[in-house]
Amino acid sequence: MKRVAVSIDDIFKRHIPGPSHVETPERLTAIYDAIQVNFREDELVKLPLRRAEEDILLLNHTEELVRLIETTSHGKGYFSLDPDTVTCPESYEVASYAAGSLLELADNIIRGDVDNGFCLIRPPGHHAEEDRAMGFCLFNNVAICARYIQKTYNMDRIMIVDFDLHHGNGTQRSFYDDDSVFYFSTHQYPYYPGTGALDERGSGKGQGFTLNCPLSAGCDDSDFAAIMRDVFMQAARSYRPEFIIVSAGFDTYIHDPLGGMNVTGKGFSAMGYALKEAAEEVCDGRLLFSLEGGYSMKGLKEGVVGILKVLLERPQDTEEVTMVKEFFKNAAPHNKGARSLIASISIE
Ligand SMILES: [Zn+2]
């Protein structure tokens, strides 16, 4: 069995983005309950809480943005940063701990204390730009983590893989002209937030180090598995990152209220399998998942539990994981757009 760490804490339920919002604390309740049902207490390593201090947030964000979000903690009620993105007085603290949990997990993985892990946190982060909170996101957790790893461990090739339904405009923007972080994303397109076209490949020194897979609605497990195998794994082999960070969103789930994709638990497990295989092949297994979107409680549960089973390699899951592996190896894309996308992307 592998040593798999998780960040689980009720503090992450204390960010309330307004009186009626789809990005609810209940998302974490669903995931935490499912973990309790599916895994024994001693099968997962529970990481201690850690706060990302201001100097760490500033690795990716402007002082103005950090100050603005900090200011909302002094008010009494909700504060709208944009129409979708609302804070409560505890949001700044919760968001600082959410970002910090990725740093704690990254340190544990790089020290070799655990093999890999999953930060089961909120608020999500991939839409947050350097100077702007948006799309339910306050701070860009994965971008902060990539900068922290680079600074602390002198790594110059990090790969961020984003399989959320939505394009991670914030993450892309942070590293668009940077060859030290490769950004790979699959997402519904055209869709919120509007970015993520195939021809957005980076600029300057970063040319070729952003790779977008824009997909029409209706893609299923086979489409996503084939893209991960034929595009992502090739890109990872070519780039040879030293660490892989995953923006894990489950809003591609078949019954998700926000999306139009048809992914099931099997598809999420297959994506987890692809990421684990790639990490073992190119970077000693160093792999960190961080929760982004996903608004069906069932989708969140199935996605997170399936990926944790793939990561853990428990003897009792061998049969299930072998089936995932076979599915992944043989998956043929059904969606016309996915097929032509795979054919059109050439990895050097
Ligand atoms: Zn999303």
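Modeller: Let's start with a term: two strands pair if DSSP finds at least two bridges between them. Strands themselves are DSSP runs (E, at least two residues), helices are runs of H or I with at least four residues, and both are numbered from the N terminus. What you see here is a predicted model, where local features need pLDDT of at least 70, side-chain atom pairs count only at pLDDT 80 or more, and totals for chains, interfaces and linings use all residues. Residues are numbered from 1 along each chain as its sequence is written.

Biologist: Okay, in which order do the eight strands of the open sheet come?

Modeller: Strands of a sheet pair through backbone hydrogen bonds, either parallel or antiparallel. Here the pairing is parallel, and the order reads β2-β1-β5-β10-β9-β6-β7-β8. β2 (44-46) and β8 (210-215) are at the edges with a single partner strand each, so one side of each has no neighbour in the sheet.

Biologist: How many bridges join β7 to β8?

Modeller: Six bridges link strand β7 (residues 181-188) to β8. Look for Gln188, which stands opposite Leu215 in β8.

Biologist: Is edge strand β8 enclosed or open?

Modeller: First the rule: a residue is buried if 20 or more other C-beta atoms lie within 10 Å of its own, exposed if 12 or fewer, and partly exposed in between, with C-beta atoms placed from the backbone. Six of the six residues of β8 are buried, so the strand is largely enclosed by the rest of the structure. Thr210, Asn212 and Pro214 point one way, while Leu211, Cys213 and Leu215 point the other way.

Biologist: And what does helix α4 touch on the sheet?

Modeller: Contact means C-beta atoms, placed from the backbone, within 7 Å. For angles, axes are lines fitted to C-alpha atoms, for helices over the stretch in contact, and values run from 0 to 180 degrees between N-to-C directions. Strand β1 (residues 4-7) and strand β5 (residues 116-119) pair over four bridges in the parallel sense. α4 packs on the sheet, touching β1, β5 and β10 (287-291), and its direction makes about 175 degrees with that of β5.

Biologist: Which residues touch the most other members of the largest nonpolar core?

Modeller: Such a core is a set of buried Ala, Val, Leu, Ile, Met, Phe, Trp, Tyr and Cys residues joined through C-beta atoms within 7 Å. Among its 107 residues, the answer is Cys145, Phe232, Ile244 and Ile245. Helix α4 (residues 91-111) gives the most to this core, with 11 residues.

How values were computed. Two residues are in contact if their C-beta atoms, placed from the backbone, lie within 7 Å.
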